[in-house]
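Please walk through this model with attention to how its helices pack, how its chains meet and where its charged side chains pair.

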Protein chains: 2
Amino acid sequence: LKTIHVELKDRRYPVFVGQGLLGHAGSLLRRRGFAAAPVIITNRRVFRLHGPAVLQSLDKAFGRAPVIKIGDGERFKDHSTLLKIYKALIRLHANRKSWILALGGGVVGDIAGYAAATFMRGIPWVMAPTTLLSQVDSSVGGKVAINVAEGKNLIGAFHQPSAVLSDTNALRTLPKRELRSGLYEVVRSAAIQSEPLLCYLERKLPGILSVRSREIEHVVVEAVRIKAAVVESDERESGLRMILNYGHTIGHALEAATDYKKFKHGEAVGWGMIAALEYGSELGLLGVDQKAQLIQLIQRVGPLPSLRGISVESLWDSLMLDKKFSSADIRMVFLRKLGQAEIRTRIEPASLRKFLQRFLNHQQRSEPRP
Amino acid sequence: LKTIHVELKDRRYPVFVGQGLLGHAGSLLRRRGFAAAPVIITNRRVFRLHGPAVLQSLDKAFGRAPVIKIGDGERFKDHSTLLKIYKALIRLHANRKSWILALGGGVVGDIAGYAAATFMRGIPWVMAPTTLLSQVDSSVGGKVAINVAEGKNLIGAFHQPSAVLSDTNALRTLPKRELRSGLYEVVRSAAIQSEPLLCYLERKLPGILSVRSREIEHVVVEAVRIKAAVVESDERESGLRMILNYGHTIGHALEAATDYKKFKHGEAVGWGMIAALEYGSELGLLGVDQKAQLIQLIQRVGPLPSLRGISVESLWDSLMLDKKFSSADIRMVFLRKLGQAEIRTRIEPASLRKFLQRFLNHQQRSEPRP
């Protein structure tokens with residue numbers, strides 16, 4: 001069991017990383033000061049896989065925990081599901097002393113955390129992330145949100161959990177594509193903050209991809225450390241935290257332009273990083289060798305879905321709707337060198353658009369015909 | 001122009017109180033560092049009364065401010081109105097740098113503040129309260145919320161405004177019953193924290209009720225000071241802030257038991273204070289003279305709607321649904337003496353219920369037949 005503390009003064013909390021943690025959730029959380037059973041929010045698939053172990057462990061520590069199950073998938077991260085969660089909490093007589101255990105991936109964490117942020121003006125919550133993506137990224141930092149028809153995560157809050165339980169054994173049940181999707185985010189974290197982690201990824205990728213305990217745990221712990229350090233220095237994303245957005249500007253636009261159907265989030269970020277590397281290179285940032293080295297690592301993580309059929313117009317329209325993409329001063333994150341990010345302000349829209357056109361053309365031409 | 005600072009460290013903000021402030025909103029807020037026009041959220045009635053002055057003033061300082069109008073009344077403080085506000089914000093291309101000016105009473109403040117708390121994980125907002133109730137109470141402290149079918153303010157957040165503009169001239173256009181409703185909350189604030197303000201209310205009540213500038217301004221300033229001091233010591237309502245709940249436990253139950261149709265909020269608090277005084281007296285708190293003195297002041301504010309037709313069963317059921325009313329340890333606020341509150345824990349439910357039965361019987365018997 002490894003513990004990383006996210007140091008946010010009165011909102012300080014531990015991230016526990018280890019094998020089989022879910023089976024010890026009850027005793028761990030009891031030691032953290034929780035006195036009664038939580039309300040579990042999860043989805044059906046995750047609950048089938050991990051529910052029994054979690055319930056049994058909570059049972060011993062607190063007595064029976066009620067369970068609210070939501071649908072599986074991003075489309076359930078909406079107001080309609082949120083209202084159902086509120087209704088279920090009320091039906092369960094949840095009050096200000098209740099707390100929520102979010103068991104699942106990013107969707108469950110985001111909506112359960114947002115419910116915790118807003119139910120009775122905020123109740124505590126604990127995140128038990130069961131995907132690599134949520135273990136290395138969304139579970140740390142307290143960003144919670146839901147989607148509206150007009151865009152993803154447009155409604156949300158900052159609501160730090162009281163603890164995070166990352167059971168690396170849960171990653172064994174993860175579809176390989178989900179695992180790789182999470183790994184692109186690990187590459188992102190390493191790229192902006194940690195050359196040693198980049199080296200580790202390059203050396204140990206096969207072991208990581210086969211979810212070997214030692215390697216996967218190291219990767220989760222290091223990625224959490226990076227995320228925690230960035231969040232500690234800028235909880236509300238007013239400055240430095242933006243570097244976590246590396247690969248995400250174009251990544252989000254790719255997801256939106258394809259209606260969130262073609263790419264897993266991490267895959268879009270993978271493409272977004274490649275695009276940022278190429279554009280950064282045109283802007284005179286990062287040497288050609290380093291660029292090639294990182295692109296190679298991204299490609300080794302696994303095959304990225306094709307960019308075929310994506311027009312620069314649709315990509316641009318999506319970019320213009322990005323809530324972080326203010327029209328007056330477009331900012332993007334680049335690498336100054338491997339392991340070090342740089343925020344560039346005043347990106348010239350016309351130049352970026354032309355680059356995207358070239359990038360899409362080049363990638364689409366170089367792909368094998370289907 | 002009087003300024004009271006609510007000292008909440010990095011969320012410190014000023015409450016401006018004065019005559020004709022709304023006509024200076026633009027210059028005041030420009031000096032506070034706002035650089036662009038806000039999105040105004042208001043209701044039709046308030047906008048008809050105060051919109052032109054506010055718009056003109058904002059025009060000069062920032063250019064034209066877009067306006068989102070919601071329905072007038074508590075029933076519009078719901079998810080359906082909230083979703084309309086989100087949609088309007090998105091249509092207006094609001095982004096993280098946008099800010100909201102809430103122009104109106106408690107309903108507008110609560111829902112506009114909640115929209116500000118959750119839109120893109122929180123954007124700044126300024127409250128311009130136009131009712132006495134919101135000037136002396138809800139505009140200070142950052143509690144924002146919406147209602148769900150199961151109860152009021154069950155969904156919400158703490159989101160401090162960047163400034164509050166309380167124009168006492170706006171109170172001249174207020175229906176007298178609304179004015180009195182706000183005054184009961186002033187009595188509440190004085191009762192728990194300030195004997196001098198109680199004396200002032202006793203001496204100057206006629207002037208206050210006729211909205212004389214000097215008197216009404218004094219009352220607003222003092223009530224804001226009291227509220228600010230309590231909020232400063234307990235922003236998230238984990239302890240002391242509960243004393244603001246004086247008269248509200250039974251008050252809320254009266255409102256809920258009558259489906260929020262019979263009483264204005266302040267009127268219910270008026271009754272709630274009378275009940276708390278009687279029950280406190282039975283528990284051996286506060287002398288008979290002081291009790292009578294405060295009940296007399298409450299009654300002088302104006303006639304309270306009859307309690308006829310309210311059963312102890314319906315009152316009790318409502319009480320049990322109160323989110324602050326935890327079944328394990330019922331807490332209620334009483335007065336130790338005039339101007340000093342005391343939180344009593346472990347209230348005996350059976351004893352409280354019996355008291356309520358006696359109280360309702362007594363009040364209903366002593367009322368003149370309709």
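**Helix packing, interface and salt bridges**

In this predicted model, helix H9 of chain A, residues 248-257, packs against helix H12 of chain A, residues 312-320, at an angle of about 115°, and the axes of the two helices lie 8 Å apart. The sense of the crossing between H9(A) and H12(A) is right-handed. On the side of H9(A), the residues that take part are A:Thr249, A:Ala253, A:Leu254, A:Ala256 and A:Ala257, and they meet A:Ser314, A:Leu315, A:Ser318 and A:Leu319 of H12(A). Sorted by class, this helix-helix contact consists of six nonpolar and three polar residues, with no charged residues.

From this pair of helices within one chain we can turn to the place where the two chains meet. Chain A and chain B each bring residues to the contact, 31 from chain A and 31 from chain B, and the area buried between them is about 2,800 Å², with carbon and sulfur atoms giving 56% of that area. Between chain A and chain B there are eight residue pairs in polar contact, counted with both residues at pLDDT 80 or more. On the side of chain A that touches chain B, the elements giving two or more residues are helix H3 (79-91), helix H4 (106-118), strand S7 (143-148) and strand S8 (151-158) of chain A, and the largest share, six residues, comes from S8(A). By class, that side of chain A has 15 nonpolar, six polar and ten charged residues.

Side chains of opposite charge can pair when their charged atoms come close. Across the interface of chain A and chain B, two salt bridges are found, and one of the salt bridges in the model joins the side chains of B:Glu150 and A:Lys87, with a distance of 2.9 Å from N to O.

Over all chains, the count comes to 50 salt bridges. Within chain B, the side chains of B:Asp110 and B:Lys77 meet in a salt bridge at 2.7 Å, again N to O. This pair links distant parts of the chain, 33 residues apart, since B:Asp110 lies in helix H4 (residues 106-118) of chain B, while B:Lys77 lies in the loop between strand S4 (67-70) and helix H3 (79-91) of chain B.

Technical notes. Residues numbered from 1 in each chain as written. Chains lettered and ligands numbered in written order. Predicted model: local features only at pLDDT ≥ 70, side-chain atom pairs only at ≥ 80, totals over all residues. Heavy atoms only, no water. Contact = heavy atoms within 4.5 Å. Buried area = accessible area lost by both parts, 1.4 Å probe. Salt bridge = Lys/Arg side-chain N within 4 Å of Asp/Glu carboxyl O. Polar contact = N/O pair within 3.5 Å; in protein donor to acceptor, adjacent residues only side chain to side chain. Helix = DSSP H or I, 4+ residues; strand = E, 2+ residues; numbered from the N terminus. Nonpolar A, V, L, I, M, F, W, Y, C, P; charged D, E, K, R; others polar. Axes fitted to C-alpha atoms, helices over the stretch in contact; angles between N-to-C directions. Left-handed = near helix turned anticlockwise from the far one by under 90°.
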